[in-house]
Amino acid sequence: MLVIAPHPDDEAIGAHALMSRLRRHGASVRVVVVTDGAASHPNSLRWPRRRLVAERQRESRHAMRRIGVAAGAVTFLDLPDGRLHTRIVAARRGLARALGHVGPALIAAPAASDDHPDHRTVAACVAALRRPKLRRLAYPVWPAGRQPAGARCLFLTAQERLAKRHAVRSYRTQAGRIMDDPAGFAMTRRQIAAFTRQQEVFVEVRQ
């Protein structure tokens with residue numbers, strides 16, 4: 001399986017339990033994070049771009065390692081957060097390389113109807129990579145808690161839900177750790193609750 005995340009943390013929000021189950025059954029799981037995540041706190045003095053990007057990558061590796069996805073199985077394309085639409089060719093090339101190296105039977109990527117423009121750009125890039133034998137799932141992120149029409153639910157056990165809640169909160173740069181940027185992003189309690197509900201939601205994309 002290959003999980004494509006627009007930003008560091010979308011992999012856990014979208015498919016944490018699914019990845020965890022697959023790893024427990026011995027399946028290979030890889031993650032590609034497309035953007036550098038630097039736009040979440042652009043005005044922070046304590047967290048300049050280089051430090052923020054490094055920490056967001058560390059958060060992703062840590063969360064993935066806890067479910068058996070090794071650091072070497074997480075790839076960062078480092079494309080500009082919030083301006084991904086200006087680097088579509090680079091995004092397509094990076095994703096094509098990831099698919100070529102892994103040869104997954106299943107891919108999970110953001111939904112084309114997501115509210116965030118970077119998510120929609122990633123969805124369009126994935127759709128442009130024609131792979132007829134590839135099963136493709138789309139996961140929603142924004143707005144938090146949305147369930148698209150035709151979605152299928154993966155119901156989480158109590159243990160899986162607790163593990164996912166811990167994982168989402170462990171992305172601390174996105175959960176209130178950075179406090180010196182009034183315009184910075186932080187997940188609210190309501191959003192975290194929506195991201196860690198009793199099911200993960202996927203829509204099967206027909207190619």
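User: In this predicted model, which side chain meets that of Arg 49 in a salt bridge?

Analyst: The structure is a predicted model, and a search of the whole of it finds nine salt bridges. In one of these, a nitrogen of Arg 49 lies 2.7 Å from an oxygen of its partner. The partner of Arg 49 is Asp 36.

User: How many residues apart in sequence are the parts tied together by Arg 49 and Asp 36?

Analyst: Arg 49 belongs to helix H2, which covers residues 49-65. Asp 36 sits in the loop between strand S2 (30-35) and H2, so the pair ties together two parts of the chain. Their separation in sequence is 13 residues.

User: Is Asp 36 buried or exposed?

Analyst: The relative accessible area of Asp 36 is 4%. Buried means under 20%, so at 4% Asp 36 is classed as buried.

User: Where do Arg 58 and Glu 55 lie, given that their side chains meet in a salt bridge?

Analyst: The side chains of Arg 58 and Glu 55 meet with an N to O distance of 3.0 Å. The two residues are three apart, about one turn of the helix. Both lie in helix H2.

User: Which accessibility class does Arg 58 have, and which does Glu 55 have?

Analyst: Arg 58 has a relative accessible area of 41%, which falls between the limits of 20% and 50% and is therefore partly exposed. Glu 55 has 13% relative accessibility, under the 20% limit. The classes are thus partly exposed for Arg 58 and buried for Glu 55.

User: How many residues apart are Glu 200 and Lys 164, whose side chains meet in a salt bridge?

Analyst: The salt bridge between Glu 200 and Lys 164 has an N to O distance of 2.9 Å. Glu 200 is in strand S7 (residues 199-205) and Lys 164 is in helix H5, so the pair links distant parts of the chain. The two residues are separated along the chain by 36 residues.

User: What are the relative accessibilities of Glu 200 and Lys 164?

Analyst: Glu 200 counts as buried, and Lys 164 is buried as well. Their relative accessibilities are 1% for Glu 200 and 2% for Lys 164.

User: Which residues are joined into one network by salt bridges that share partners?

Analyst: Side chains of opposite charge can pair when their charged atoms come close. Here, salt bridges that share partners form one network. Its members are Arg 21, Arg 24 and Glu 160.

User: What distance separates the C-alpha atoms of Leu 162 and Gln 198?

Analyst: Leu 162 lies in helix H5 and counts as exposed, at 55% relative accessibility. Gln 198 is 36 residues from Leu 162 along the chain. Their C-alpha atoms are separated by 9.8 Å.

User: Which helix supplies the largest share of the lining of the largest pocket?

Analyst: The largest pocket holds about 260 Å³ of space and is lined by 14 residues, with His 16, Ser 20, Ile 67, Gln 159 and Ala 163 nearest its centre. By class, the lining comprises six nonpolar, five polar and three charged residues. Helix H1 (10-24) and helix H5 (158-169) each supply at least two of these residues. The largest share, six residues, comes from H5.

User: Which residues lie closest to the centre of the second largest pocket?

Analyst: The second largest pocket contains about 190 Å³ of space. Its lining has four nonpolar, six polar and four charged residues. Of the 14 lining residues, the closest to the centre are His 7, His 116, Trp 142, Gln 174 and Phe 185.

Definitions and conventions:
Residues numbered from 1 in each chain as written. Predicted model: local features only at pLDDT ≥ 70, side-chain atom pairs only at ≥ 80, totals over all residues. Heavy atoms only, no water. 1 Å grid on protein atoms, 1.4 Å probe; cavity = no way out; pocket = protein on both sides within 12 Å on 5 of 7 lines; lining within 4 Å. Points joined across faces, edges and corners; volume = space filled by probe spheres on them. Helix = DSSP H or I, 4+ residues; strand = E, 2+ residues; numbered from the N terminus. Nonpolar A, V, L, I, M, F, W, Y, C, P; charged D, E, K, R; others polar. Salt bridge = Lys/Arg side-chain N within 4 Å of Asp/Glu carboxyl O. Buried < 20%, exposed > 50% of the residue type's maximum accessible area, 1.4 Å probe, protein only.
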